[in-house]
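Here's a quick tour of one protein model, written to be read with the viewer open. Have a look around before reading on.

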Amino acid sequence: MLKDSKRFLKRLATEKGEATDGPDENEPAALTEIYCGDDPVVDVVAVHGLNGDALKTFTSTTPGRQCWLSDPDMLPKDLPACRVLTFSYPATVANVLGKTSSDRILQHAQTLIAELVADRELADAVSRPILFVCHSLGGIIVKRALVYSASRTGHKTAHLRSIFVSTYGILFLATPHDGSDKAKLGSFAQKLVNSLVPTKVVDTSPQLLASIETGSEVLQEITDNFVPLMKRFCIYFFWEQHKTDFIAKYDYVVEQSSAAPILDDTDRAGLPYDHRSICRFASRAAPGYRIVIAALRRYARDAPRMVAQRWEDEEAMMQSLRTTEARELQRAGGGSVK
């Protein structure tokens, strides 16, 4: 017991030191470009999970602390014709899985879409293919964002639909897709509190745990709305093969069945890391890096042709929709329809 207490105090000090420069609860969401190759053909967008950070989540803890998304010897070397963006948002456990979890997730999703649309319009890259790399509940934010984007068919908000049209591939790294089991989600949230944020004891309050039931319904609703869209994307599910250190015991944060559901026409693989390390590759030789980078290279190769066709189909569909709307307005106004 004493040994466990010493280990906890040591890790508490380490986590507290790192927390000082982590995401601020009041800091606005931001999209940051961390790499841009010459004449990029795809945008790679990385989204962190609970209590994560736009850069640290994807940065190794080994000496040198390489961020594989921007390190010249890693992703930029293997996929030079890309642009890499990271999305930052307030991501405490209480913020994402609290009593207003549905509103918070939607707000983060809407901001992600707005940031991407603005960035890509200013870069004259509205139709450039998108590949998402998501860690943990960052995948839930992305799923909700794509559902939101897909529904924007109105004339004044059609520009928001561009993200749905342009998205080609999604890598989910230890994302808890199974939100239907309330007991499992409660266990998941408690594990995150214990393993990722031991300094933020407020997040272990009964108020948070009491909200887990609602959180479960939120995750299930997002999954239900996302499933009909899945056929549009190339999807790769990754699960953690190593248990996370919870001080007194070791356990998986996201079980394989939740992180990598067995679905037709999707890829799935386990990576030899725990929940915190599954998205951190220290070098090109790191286990699992080749699997992840090969998927990104494959998607980047096929995406331009496929997404270009989608934009042609999208323009034809939107034109047809506008024509139908105009005819209905004419009929409602008593005008002639030609």
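Not counting residues up to four places away in sequence, which residues does R83 touch? The list runs E33, Y35, C36, P40, V42, D43, V44, D119, R120, A123 and R128. Keep in mind that this is a predicted model.

R83 itself sits in strand β3, which covers residues 82-88. With a relative accessible area of 3%, R83 counts as buried, because anything under 20% does. One of the residues it touches, D43, also shares a polar contact of 2.8 Å with R83, side chain to side chain.

**The sheet**

Now zoom out. Strand β3 belongs to an open sheet of seven strands, ordered β1-β3-β2-β4-β5-β6-β9, and the pairing is mixed. At the edges you'll find β1 (30-36) and β9 (267-271), each pairing on one side only. Ignoring direction, neighbouring strands in this sheet are turned by 20° against each other on average.

Let's pick out one pair. Strands β5 (residues 167-173) and β6 (residues 234-240) run parallel and are joined by five bridges. Across that pairing, I170 stands opposite I235 in β6.

Two helices pack on the sheet. Helix α5 (residues 138-150) touches β2 (42-47), β4 (130-135) and β5, and its direction makes about 140° with that of β4. Helix α11 (residues 289-333) packs there as well, touching β2, β4, β5, β6 and β9, with its direction at about 155° to that of β5.

**S166**

S166 is found in helix α6, residues 162-166. Is S166 buried or exposed? It's buried, since its relative accessible area is 0% and the cut-off is under 20%. The side chain of S166 makes a polar contact of 3.2 Å with the side chain of W311. Leaving aside neighbours within four places in sequence, S166 is in contact with R120, V126, S127, R128, P129, I130, V307 and W311. R120 and R128 turn up in the R83 list too.

Here are the two side-chain polar contacts mentioned so far:

| Side chains | Distance |
|---|---|
| R83 and D43 | 2.8 Å |
| S166 and W311 | 3.2 Å |

**Cysteines**

How many disulfides does a search of the whole structure find? Zero. As for individual cysteines, C134 is buried at 0% relative accessibility, whereas C234 is partly exposed at 24%. C234 misses the buried label because its 24% is not under 20%.

Terms used. Residues numbered from 1 in each chain as written. Predicted model: local features only at pLDDT ≥ 70, side-chain atom pairs only at ≥ 80, totals over all residues. Heavy atoms only, no water. Helix = DSSP H or I, 4+ residues; strand = E, 2+ residues; numbered from the N terminus. Buried < 20%, exposed > 50% of the residue type's maximum accessible area, 1.4 Å probe, protein only. Polar contact = N/O pair within 3.5 Å; in protein donor to acceptor, adjacent residues only side chain to side chain. Contact = heavy atoms within 4.5 Å. Disulfide = S-S within 2.5 Å. Pairing = 2+ DSSP bridges. Axes fitted to C-alpha atoms, helices over the stretch in contact; angles between N-to-C directions.
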